[in-house]
Each structure stands twice: as structure tokens, then as C-alpha cells.
Amino acid sequence: MNLPSWWQLEVTAPFKLGPRELPGRIWTASGCFAYGLHAHDFRAADGTSPYLGVGAVVTKTVTPLPRTGNAMPRLVETACGALNSIGLENVGFEDFLANVLPELEARGVPTVVSLAATTPEDFGPLVRRLHEHASGFAHWHGVELNLSCPNVAEGGHDFGSAPATVARCVAAARAWLPDRALLAKITPNVADIAQLALAARDAGADAVSAINTVVGLDVDLRTGQPYLPRRFGGYSGQAILPIALAKVDQIVRGVGVPVVGVGGIAEPEDALKFFALGAVAVQVGTAQMRDPFAAARIARDLARR
Amino acid sequence: MKPSRPATRSALGRVTANALVSSAFLRLDLELDQPFTFLPGQFVMVNEPGPRSWTFSRPFSILAGAGTSLSLLYRVVGRGTAAMASLPRGAAMQVLGPLGEPFPAPVEGSTAVLLGGGVGLPPVFAWRERWGGPRDRAFFGARDGGEVPWEMLGNSWGISVDRAEGVPPGRGAFTGVVTALAAAEAGLAPGDNGVVYACGPAPLLKAAARLARAQGWRCWVSLEEHMGCGYGVCKGCVVPVREGNGIRNATCCFEGPVFDAANLPDLGDPSVLPGTAGGAA
Ligand SMILES: Cc1cc2nc3c(=O)[nH]c(=O)nc-3n(C[C@H](O)[C@H](O)[C@H](O)COP(=O)(O)OP(=O)(O)OC[C@H]3O[C@@H](n4cnc5c(N)ncnc54)[C@H](O)[C@@H]3O)c2cc1C
Ligand SMILES: Cc1cc2nc3c(=O)[nH]c(=O)nc-3n(C[C@H](O)[C@H](O)[C@H](O)COP(=O)(O)O)c2cc1C
Ligand code: FES
């Protein structure tokens with residue numbers, strides 16, 4: 001693409017986020033690239049790796065105990081997007097610490113660890129253990145608190161939709177995370193997302209990630225029932241780009257906290273729109289599922305040299 | 001011995017042929033912009049190239065491939081496959097693959113019983129092309145004679161049909177389920193070390209697993225589950241598998257699509273835990 005003249009950032013150059021320097025501004029979003037270990041042997045036609053130029057892999061959200069996730073089916077393709085109801089299936093925090101994070105470190109994958117818990121106070125011990133275990137890791141750069149998953153019964157939405165709860169989660173994590181970036185991933189399914197961002201900033205978050213999926217539903221006309229057993233799912237992909245841009249704009253202009261933009265990014269142009277609004281970095285979610293090279297391609301295409 | 005998986009490539013394919021090979025199935029031949037290798041049972045994720053393509057790519061088993069050529073066999077069922085069917089020669093297609101766990105290679109001294117149903121033909125067809133020996137037996141089941149790609153299968157496949165219409169003159173087809181045909185005609189002697197390789201709709205896989213259990217054979221099946229990513233990252237395609245005394249989720253795209261039937265409670269093994277059957281569709 002032809003890059004616009006206002007475009008000044010170097011997306012593959014290191015940049016500061018809170019106490020930490022991250023290697024680049026094009027990231028993969030949580031839940032859409034697993035733990036960042038599945039595509040190391042993949043190659044594009046020009047021989048490049050899907051990790052080339054990727055500033056961080058935000059890992060699939062891990063919870064204190066392993067989760068088996070929701071009943072199938074868990075995915076529905078819709079016009080211009082998809083609904084998911086994965087239900088945070090993950091290996092659990094201890095397995096992640098023992099087996100996944102060391103592998104990411106060994107492979108040199110820049111990592112932001114996504115965490116969820118059922119009460120705000122649970123985040124403290126999790127982050128503390130993470131820090132004790134991995135403080136020497138060179139490639140572990142930060143923590144993203146998932147305060148916005150629509151697909152779990154306990155907590156989930158209602159959990160992260162109160163500013164006071166967001167503040168408690170962030171404060172609990174910040175206390176044990178002196179030297180890594182702390183991000184709060186917030187939900188778009190509230191009246192005023194800026195209030196959540198404000199609460200996160202005041203409690204010590206270095207940035208907010210916005211947005212998580214939008215609550216949605218689709219009906220299977222053969223049965224007259226919703227496709228997903230839990231009826232609602234998280235809507236993502238191309239269709240939510242304007243929603244995400246609007247939410248990011250509300251946060252940037254209303255609160256001034258650094259924002260990592262996520263939602264509907266598939267092409268370099270999409271990412272540029274977030275940067276135009278003031279996002280400091282972006283994440284690629286659903287598009288990374290379709291194409292493991294999506295984030296790497298965007299990073300390459302936005303390079304100014 | 002498990003062969004190690006060939007490396008996954010992201011390639012751009014050009015359509016060299018795309019035509020009906022029976023009343024229901026089309027064969028799509030692609031010329032890729034780079035060479036790749038695959039093992040029977042592996043699949044590719046395909047998509048329209050370009051920025052605004054389908055949200056999810058579509059999984060298809062590899063029928064054949066060598067160097068830069070790749071062939072798929074497919075049936076039109078929805079909007080993606082309808083779009084594929086209208087691709088002219090020269091049209092471009094994005095391909096990610098090969099992906100997934102292949103069928104195992106033959107074990108010394110064993111005899112393969114290959115079972116394909118409907119669009120489940122490609123993995124077993126590819127197995128036979130790659131590894132088939134003179135003692136192995138291959139069977140294909142279709143709804144009627146018109147659906148059968150007679151020319152592609154030649155004379156060495158046992159054919160079964162639900163309805164006899166459309167069977168060309170001079171060609172024989174058994175009327176009934178393909179596993180009944182296989183049970184009657186596999187021609188294995190007692191004590192023969194049979195191994196079943198099956199791909200097709202759920203009833204076929206269940207019957208294949210039952211047949212194998214009754215004969216004391218090993219049985220490998222390839223499953224179809226709706227997929228988001230096809231490479232193990234989204235957890236959108238999980239199937240229950242037995243592990244130790246319990247059941248866990250396995251990703252159909254990464255740990256499968258080929259599984260040992262004995263590990264799949266949904267295939268009706270009597271030793272399953274109660275209440276777990278019938279989950280995967
Ligand atoms: C490992 C694997 C191998 C396969 N191999 C073949 C093959 O060789 N030949 C062939 O004709 N078909 C094969 N299928 C099924 C094929 O993927 C579907 O027919 C195809 O995705 C339908 O797409 P659509 O857009 O036409 O249907 P739509 O119903 O419009 O698709 C909507 C969504 O549902 C998914 N979907 C629909 N039907 C299926 C299905 N049966 N299995 C998985 N996902 C589905 C689509 O991928 C898409 O995400 C295979 C499936 C899997 C999982
Ligand atoms: C299959 C799937 C799984 C997801 N899992 C998580 C998750 O575990 N944690 C999380 O914070 N967000 C999760 N998300 C949300 C994405 O990270 C992202 O916020 C959202 O999909 C919007 O971006 P996109 O349009 O680029 O996909 C998931 C999204 C999808 C599609
Ligand atoms: S389709 Fe995404 S994990 Fe299997």
C-alpha cells in the first residue's frame with residue numbers, strides 16, 4: 001500500500017510502555033494465536049516466519065485452574081465476522097508457568113501474558129507467582145488482565161463492566177508487577193468505556209487494550225434456535241472495526257490513557273486507522289486465525305523504510 | 001513409527017482445472033507458487049486471496065499433490081464451496097498447509113481396509129496411492145451411482161450405494177452400507193492383521209469402529225469438525241478423546257483430524273464413560 005504522509009511511527013522499532021520497552025507495535029490478540037507456539041515451522045512463499053516483526057504475542061487467557069471451555073459448536077461465521085463461545089479453554093496457570101512460558105522464552109517470542117480470575121483479589125497471587133517465576137525472562141514483557149470475556153459464567157461481563165472492579169483487579173496486579181507493562185483489556189459492552197479506562201489508569205495500568213468482543217447472537221433457521229448452545233457469543237472480525245475505532249477514540253480523547261487497539265484488523269489500512277486515533281500499538285485477532293501471517297504482513301507493510 | 005509432519009506453507013494457488021468428476025463431486029487442481037509435500041490424511045485451509053475474503057478459511061483433505069500441484073475433491077454445500085465451484089482456470093486461491101496429523105503409514109505384515117464415504121474419499125484415496133499394497137482392500141460408499149467418480153477409482157475399489165440408480169452398465173455396486181460390503185469382501189483370513197482407515201460421515205465412522213472392534217483390528221478415522229483456524233490456535237474444533245481414565249478435549253485440526261478410533265468415545269466404544277457419547281457432530 002501507499003503509506004500516508006502523516007504516518008511517522010516505526011512499528012517494528014522498540015517503544016516504551018510503562019516500565020518496559022516492547023519490541024514492536026503490531027501484536028497478536030489473545031485467543032487467536034493460542035500460546036504463540038503453533039506456527040514456528042510455518043513459512044510464507046518468501047521464506048519468512050509468521051513471527052517476523054511481531055511486537056508481542058498476547059497469549060490465550062489463562063485462569064488459575066485449567067478450563068475445558070464451552071460445549072460445541074463454539075464458532076459461527078457471520079457476514080463479515082464471527083461469533084465465538086470458546087469459554088476460555090486453557091491449560092491452567094501452573095501448567096502455563098511450567099511448560100508454556102519457558103518455551104516462549106526459549107524461542108524468543110515477545111510475550112504478553114493474558115490472565116483472568118474469578119475475583120479481583122485472585123490477580124495478586126497470580127501476578128506475584130508469575131513475577132517470581134519469570135522475572136529473569138528477557139522476552140516476557142507484560143501482563144494483560146482479561147476483564148472482559150463474554151463467554152464465561154462466573155464473572156465474565158458483569159465482572160469487568162464496573163469501574164470499581166476494574167480498579168481492584170488492576171491494583172491487585174500492579175502491586176506485584178514493578179517492571180513489566182500492565183494492560184487491562186476492557187469490554188465494549190458498557191454504556192461508557194472511558195469510565196473503565198479511567199478506573200484502570202488510576203489504579204496503575206500502563207495501557208488499556210480495547211476492545212474485546214461485542215456480545216452477539218445468530219439464529220440457525222433450520223432449527224429456529226441460536227447456533228451457540230449458550231445463545232450469546234463474542235462478535236469479532238471485520239464487522240467490528242468501526243465499533244472498536246469508536247471505543248478507542250472515546251478512551252483516547254476522554255481519558256488520555258495509552259490504548260492498544262484491537263478489533264477488526266485484517267489489513268495495514270485497518271491498523272493505521274487505530275494509530276491515526278492515537279493508539280500506541282494494535283492487536284490482530286480473528287484475521288490471525290485465517291492467516292497466521294496476518295500480523296507479520298501488517299508489520300512489514302507499515303514499515304516506513 | 002509416526003512419520004514427522006511436513007512443514008506448513010502459506011501459498012498462492014492458481015486454478016488449473018475445476019470440474020465435476022461425478023454428479024456431486026468436483027475436483028479442483030491448483031498450481032502453487034512453491035513446492036510442498038504432504039502425508040495422506042492431512043488437509044489444507046483454503047480461502048479467497050485478498051483483503052476481504054471469508055472470515056474463516058475452509059478445510060479440505062488433500063486428494064493428491066506433488067511438487068507444486070495440489071488436488072482437492074469437494075462437494076458444494078454452502079457459500080464457500082459454491083464460490084469455489086465457480087472459480088475459472090487461472091483464478092487465485094490462498095492455501096495454508098499441509099495441516100494436521102496424517103494417517104499412520106502401514107505396519108509391516110498388516111492389511112489395510114480403506115473405507116471412504118462421500119467427500120471422505122480424499123484421505124483414504126491418498127493413503128492408497130501412497131502406501132497401498134496388493135493385499136489391501138479399498139471401499140467407497142456413495143448415495144447413488146451418479147455420485148461415484150468411477151473413472152478416478154478405476155476397477156480396484158469396491159463400491160457401495162444407498163440407491164442403485166446411476167450405476168453405469170457393466171459396473172457393479174453393492175446396495176447397502178459400505179462397512180457391510182467391507183465386512184463381506186475384505187477377504188481377510190482369521191488372524192490377519194487388519195487395519196481400518198476410514199473417513200466419511202459419522203454413521204460410517206461408527207460402523208467402521210464397530211467392524212474393527214468385532215475383528216480385533218486397529219482403526220484410524222479422520223474426523224470432520226467445523227474449524228476456525230485449522231492450525232490449533234482457536235480451540236474452536238475440539239472433540240472429546242479418552243486419556244487415561246478420563247476424557248479431554250483434543251483439537252481436531254492439530255491433534256487430528258486422524259484419531260485412533262479406540263480413543264473416541266463418540267464412536268460408541270462400549271468402554272466409554274456414560275454420558276459422553278454423541279458430542280461431536
Ligand atoms: C479436516 C477436514 C477435511 C475436509 N475435507 C473435505 C473434502 O476433502 N471435501 C469436501 O467436500 N469437504 C471436506 N470437508 C468439509 C468442508 O470443509 C466443508 O464442506 C466446507 O467448509 C463448507 O464450506 P461452505 O462455505 O460451502 O459451507 P457453509 O455451511 O456456508 O460454511 C459455514 C462454516 O461452516 C463450516 N463448515 C460447513 N460444513 C462443514 C463441514 N462438513 N466440516 C467442517 N466445516 C464445515 C465452514 O468451514 C464455514 O466456516 C472437510 C472438513 C474437515 C474438517
Ligand atoms: C476464537 C476467539 C478466542 C478469543 N479468546 C480470547 C481470550 O482468551 N482472551 C481475550 O482477552 N480475548 C479473547 N478473544 C478476543 C480477541 O482477543 C479480540 O479482542 C477480539 O476478537 C476483537 O479483535 P478481532 O476483531 O481482531 O478478532 C478471542 C477472540 C476469538 C475470535
Ligand atoms: S480450528 Fe482452531 S483450533 Fe482447530
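This is a short tour of a predicted two-chain model, with suggestions on what to select and what you'll find there.

Before you click, the model is predicted, so local features need pLDDT of at least 70 and side-chain atom pairs count only at pLDDT 80 or more, while totals for chains, interfaces and linings use all residues. Residues are numbered from 1 along each chain as its sequence is written, chains are lettered from A and ligands numbered from 1 in the order in which they are written, and side-chain values use heavy atoms, with hydrogens and water left out.

**Stop 1: chain A**

Select chain A and switch to a cartoon view. You'll be looking at nine helices and 17 strands (DSSP runs numbered from the N terminus: H or I of at least four residues for helices, E of at least two for strands). The C-alpha trace spans about 55 × 45 × 40 Å along its principal axes. Is that what a globule should give? What radius of gyration does chain A have? The value is 18 Å, which agrees with the figure near 19 Å for a compact globule of 305 residues (taken over C-alpha atoms; the rule is 2.2 Å times the number of residues to the power 0.38).

Now colour by burial. Of the 305 residues in chain A, 59% count as buried (under 20% relative accessible area; exposed is over 50%, partly exposed in between, with a 1.4 Å probe and protein chains only). Turn on contacts too (heavy atoms within 4.5 Å): among those in chain A between residues at least 6 apart in sequence, 72% join residues at least 24 apart. On the outside, chain A exposes about 11,100 Å², with 54% supplied by carbon and sulfur atoms (Shrake-Rupley method, 1.4 Å probe; for residues, only the protein chains shown count as cover).

**Stop 2: the largest cavity**

Stay with chain A and select A:Cys32, A:Asn84, A:Thr213, A:Ser236 and A:Thr286. Of the 44 residues lining the largest cavity, these lie nearest its centre. Strand 7 (81-84), strand 9 (140-146), strand 15 (233-236) and helix 8 (286-290) of chain A each give two or more residues to that lining. Which element gives the most? Helix 8 of chain A does, with four residues.

A cavity is a set of points on a 1 Å grid, over the protein atoms alone, where a 1.4 Å probe fits but cannot get out; a pocket is an open set with protein on both sides within 12 Å along at least five of seven lines; lining residues have an atom within 4 Å of a point. The largest cavity has a volume of about 590 Å³ (the space filled by probe spheres set on the points, which are joined across faces, edges and corners). Colour its lining by class and you get 19 nonpolar, 20 polar and five charged residues (nonpolar: Ala, Val, Leu, Ile, Met, Phe, Trp, Tyr, Cys and Pro; charged: Asp, Glu, Lys and Arg; polar: the others, Gly among them).

**Stop 3: chain B**

Hop over to chain B, which has five helices and 16 strands. Its C-alpha atoms fill a box of roughly 55 × 50 × 35 Å. Buried residues make up 55% of the 281 residues here.

Zoom in on B:Thr111, in strand 8 (residues 110-117) of chain B. Buried or exposed? B:Thr111 is buried, because its relative accessible area is 0%. Beyond its neighbours within four places in sequence, B:Thr111 contacts B:Arg135, B:Asp136, B:Leu188, B:Asn193, B:Gly194 and B:Val195.

**Stop 4: B:Thr8**

Next, pick B:Thr8, in the segment before strand 1 of chain B. B:Thr8 is buried too, with a relative accessible area of 7%. Show what touches it: among the partners of B:Thr8 are A:Asp41, A:Phe42 and A:Arg43 from chain A, and B:Leu99 from chain B. The C-alpha atoms of B:Thr8 and B:Leu99 are separated by 6.5 Å, although the two are 91 residues apart along the chain.

**Stop 5: two last spaces**

Select B:Arg9, B:Ala11, B:Leu32, B:Gln34, B:Pro35, B:Phe36, B:Val95 and B:Gly97 to outline the second largest cavity, with a volume of about 40 Å³.

Finish at the second largest pocket, which holds about 610 Å³ of space. Closest to its centre, out of 30 lining residues, are A:Asp291, A:Phe293, A:Arg297, B:Ser10 and B:Gln94. That lining divides into 14 nonpolar, eight polar and eight charged residues.
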